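Me: Please take a close look at the charged side chains here. Which ones pair up, and how open is each one to the surface?

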Amino acid sequence: MSALQRLGFDPIAAVSSVSVAQRQTDEAFGFKWAKRDTYESEAAKANMRRWLIERYCDNDPARLSQWLAGGRKIILDTGCGAGFSGLLFFGDALREHDYLGVDISSSVDVARDRFKEIHMPGDFVRADISRLDIPDSSVDIIFSEGVLDHTDSTEGALKHLARKLVPGGRFLFYVYRKKARIREFTDDAIREALQPLTDEEAWEALKPLTRLGIVLGELGRDIELPDPIPFLGIEAGKLDLQRFFYWNICKAYYRPELTFEEMHHINFDWFRPLNCQRHTPEEIAVWCTDAELDIEHMNIQEAGITVVARRK
């Protein structure tokens with residue numbers, strides 16, 4: 001029996017009316033995930049899988065096996081996109097469980113194709129995760145990798161989805177963390193400047209920024225700040241110049257093992273969606289408490305906040 005059958009969920013579920021910001025965000029992700037050559041190399045997949053295991057499992061893949069133990073689970077991937085993170089994180093374990101990928105964008109069609117190509121079982125539905133019409137207390141694991149903050153309300157989406165978990169079920173999610181003040185200002189200024197453009201135009205417009213990140217990264221220079229600058233949110237210490245610029249001034253991604261298109265995909269992912277909330281660990285902790293979730297693990301990095309929480 002599939003996840004859809006077990007949940008009694010209509011696979012032809014329609015996307016409810018959404019805000020202008022949410023619609024633009026959905027279209028941006030549908031556009032991005034359709035560019036499969038910008039994220040499917042072995043280097044790109046290895047980089048993401050390493051980061052997923054680092055954040056969710058504290059570099060111990062055995063933790064995932066423990067969460068999946070005890071019978072066939074229903075795994076709900078909310079905001080599954082092209083199934084990229086879900087496939088990398090759960091891997092072949094998906095063959096032993098019932099996976100349902102949900103996304104409000106057309107990327108669910110890409111995810112369905114990618115699963116079929118490797119003969120991986122899974123169901124897919126295009127629906128709004130903030131108003132997901134499945135029974136409460138019906139899902140064993142919810143996985144939401146960098147998606148809740150792309151809704152109109154991170155808090156609202158988190159609390160709505162938490163109710164879908166069975167008692168003892170786990171919610172695994174990642175949200176963006178607030179950055180240094182100049183970086184926050186720059187990110188929003190670029191995002192606003194891109195709004196009048198089509199997705200294709202925005203993709204092209206961001207290419208000089210991607211090239212800047214590569215130039216900075218290839219310099220291989222370190223800088224050392226003797227003192228913190230609290231009113232700018234800048235910390236003291238030694239840091240690679242590209243990383244200093246990245247965390248404190250403007251996101252310009254760089255990984256030497258990735259291609260230009262792969263790095264550009266990551267920059268577009270950040271700047272194009274109009275819905276792109278950032279949060280503090282304190283906010284997330286309060287919302288989890290309100291949603292009757294006990295936080296088992298919280299990984300706090302400069303990029304974001306990763307949480308493994310269990311429903312009471």
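Reply: Buried means under 20% relative accessible area, exposed means over 50%, and partly exposed lies in between (1.4 Å probe, protein chains only). The model is predicted, so local features need pLDDT of at least 70 and side-chain atom pairs pLDDT 80 or more, while totals for chains, interfaces and linings use all residues. Numbering runs from 1 along each chain as its sequence is written, and side-chain values use heavy atoms, without hydrogens or water.

Start with K207. This lysine counts as buried, because its relative accessibility is 14%. K207 belongs to helix 10, residues 207–219. Helices here are DSSP runs of H or I with at least four residues, strands are runs of E with at least two, and both are numbered from the N terminus. Setting aside residues up to four places away in sequence, K207 touches F260, E261 and H264. Contact means heavy atoms within 4.5 Å.

Now the pairs. Across the whole structure, the search finds 27 salt bridges. Each one needs a side-chain nitrogen of Lys or Arg within 4 Å of a carboxyl oxygen of Asp or Glu.

Take E296 and R170. Their side chains form a salt bridge, 2.8 Å from N to O. This pair links distant parts of the chain. E296 sits in strand 8 (residues 293–300) and R170 in strand 5 (residues 165–176), with their positions 126 residues apart. Is each partner buried or partly exposed? R170 is buried, because its relative accessibility is 14%. E296 is partly exposed, because its value is 40%.

Strand 8 also holds D294. At 40% relative accessibility, D294 is partly exposed. Beyond its neighbours within four places in sequence, D294 is in contact with V308, A309, R310 and K312. V175 is another matter: D294 and V175 are 119 residues apart in sequence, and their C-alpha atoms are 17 Å apart.

Next, D92 and R95. The two side chains meet in a salt bridge at 3.4 Å, N to O. D92 counts as exposed, because its relative accessibility reaches 56%. R95 stands at 34%, so R95 is partly exposed.

D188 and R191 come next. The closest N and O atoms of this salt bridge are 2.9 Å apart. What separates the two residues along helix 8 (residues 181–194)? About one helical turn, because they are 3 residues apart in that helix. D188 is partly exposed, at 36%. R191 is buried, with a relative accessible area of 3%. Salt bridges can also share partners: R36, E40, R114 and E117 are joined into one network that way.

Finally, helix 3 (residues 42–57). R55 is one of its buried residues, a list that also has A44, N47, M48, L52, I53, Y56 and C57. The helix has 16 residues, and at 1.5 Å a residue it should span 22 Å. The expected span is 1.5 Å times one less than the number of residues. The end C-alpha atoms are 21 Å apart, so the two values agree. Just after helix 3 comes D58, an acidic residue with a positive phi of about 55°.

To recap the pairs: E296 with R170 at 2.8 Å, D188 with R191 at 2.9 Å, and D92 with R95 at 3.4 Å. Among the arginines, R170 and R191 are buried, whereas R95 is partly exposed.
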